[in-house]
Amino acid sequence: MDFSKQLAVINKLKSLVKIPRSFRRQNADNLISEDIAKKIQKSSYDKSHTLQKDQYTPPYEEIAEQLQVANDQIFRAAVFNLSNIAMNRKNYMPAILAILEKTLEDKSKTKEQLDYVRSRITQIKQVL
């Protein structure tokens, strides 16, 4: 039998045999198993080769996309959430106000929707 085939058979037998935890060589400094250490090394290697996200997208931009939806309930929820973010996060307030004021120019919105946007804009400006 070829030496590589013998090693393959031995490795196959090793993988089938479960070694009890008490028989494993483990000193006080090494508190994790070899398998866990390999998984940690693999995940660390994978993370080191992934691209880092170099820009940050503010959360209000995803909500602002919902202003284009025809559904009235989704539209009102988006306006409500945007205005709450603007009232609580002062650094986002000018950008959100610009988005809401641009929404007032949208001709596809109903009068009630535009009135709701105006009322939320006044609430934001009162906080300002």
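This passage walks through the helices, the nonpolar core and the charged pairs of a predicted model.

Helix α4 is a good place to start. This helix runs over residues 72-88. With 17 residues at 1.5 Å a residue, α4 should span 24 Å, and its end C-alpha atoms are indeed 24 Å apart, so the expected and computed values agree. The buried residues of α4 are Phe75, Ala78, Val79, Leu82, Ser83, Ile85, Ala86 and Met87. What do these buried residues pack against? Their partners are α3, α5 and α6.

Helix α2 offers another picture. It covers residues 34-48, and the same kind of check works here: 15 residues at 1.5 Å a residue should span 21 Å, which agrees with the 21 Å between its end C-alpha atoms. When it comes to burial, though, α2 is hardly covered, and the count of buried residues among its 15 residues is zero.

Next comes the inside of the model. In soluble globular proteins, nonpolar side chains tend to be buried together. Here, the largest nonpolar core has 20 residues, and the members that touch the most other members are Val79, Leu82, Ile96, Leu100 and Ile124. At least two residues of this core come from each of α3 (59-64), α4, α5 and α6. Which helix gives the most? That is α4, with seven residues. Val79 shows what such a place looks like up close: leaving aside neighbours within four places in sequence, Val79 is in contact with Leu67, Leu100, Tyr116, Val117 and Arg120.

Two polar residues are also tucked away. Thr103 belongs to helix α5, which spans residues 93-103. Is Thr103 buried or exposed? With a relative accessible area of 8%, Thr103 falls under the 20% cut-off and therefore counts as buried. Setting aside residues within four places in sequence, the contacts of Thr103 are Leu67, Phe75, Leu114 and Val117. Gln113, for its part, sits in helix α6. Its relative accessible area is 5%, so Gln113 is buried as well. Not counting residues up to four places away in sequence, Gln113 touches Asp72, Phe75 and Arg76. Gln113 and Phe75 are 38 residues apart along the chain, yet their C-alpha atoms are separated by 8.0 Å.

Now for the charged side chains. The count of salt bridges comes to five. One of them joins the side chains of Asp72 and Arg76, at 3.1 Å from N to O. Why is this pair separated by about one helical turn? Because Asp72 and Arg76 are four residues apart in helix α4. An α-helix has 3.6 residues a turn, so residues three or four places apart point the same way. Asp72 is partly exposed at 33% relative accessibility, and Arg76 is also partly exposed, with a relative accessible area of 27%. Arg76 has another partner too: its charged end sits over the ring of Tyr116, 5.0 Å from the ring centre.

A similar arrangement turns up in helix α6, which covers residues 111-127. Lys111 and Asp115 form a salt bridge, with their closest N and O atoms 3.0 Å apart. These two are four residues apart in helix α6, so about one helical turn separates them. Lys111 has a relative accessible area of 58%, which means it is exposed. Asp115, at 34%, is partly exposed. The story doesn't stop with two residues, as salt bridges that share partners join Lys111, Asp115 and Arg118 into one network.

The salt bridge between Lys125 and Glu101 has a separation of 3.4 Å from N to O. Which parts of the chain does this pair link? Lys125 is in helix α6 and Glu101 is in helix α5, so to speak distant parts of the chain, 24 residues apart. Both residues are partly exposed: Lys125 has a relative accessible area of 45%, and Glu101 has one of 34%.

Aromatic rings get a brief mention to finish, as the count of aromatic pairs comes to one.

Note on methods:
Residues numbered from 1 in each chain as written. Predicted model: local features only at pLDDT ≥ 70, side-chain atom pairs only at ≥ 80, totals over all residues. Heavy atoms only, no water. Buried < 20%, exposed > 50% of the residue type's maximum accessible area, 1.4 Å probe, protein only. Contact = heavy atoms within 4.5 Å. Salt bridge = Lys/Arg side-chain N within 4 Å of Asp/Glu carboxyl O. Phe/Tyr/Trp six-rings, centres within 6.5 Å; stacked < 30°, edge-to-face > 60°. Lys NZ or Arg CZ within 6 Å of the ring centre and 35° of its normal. Core = buried A, V, L, I, M, F, W, Y, C linked by side-chain atoms within 4.5 Å. Expected span 1.5 Å × (residues − 1).
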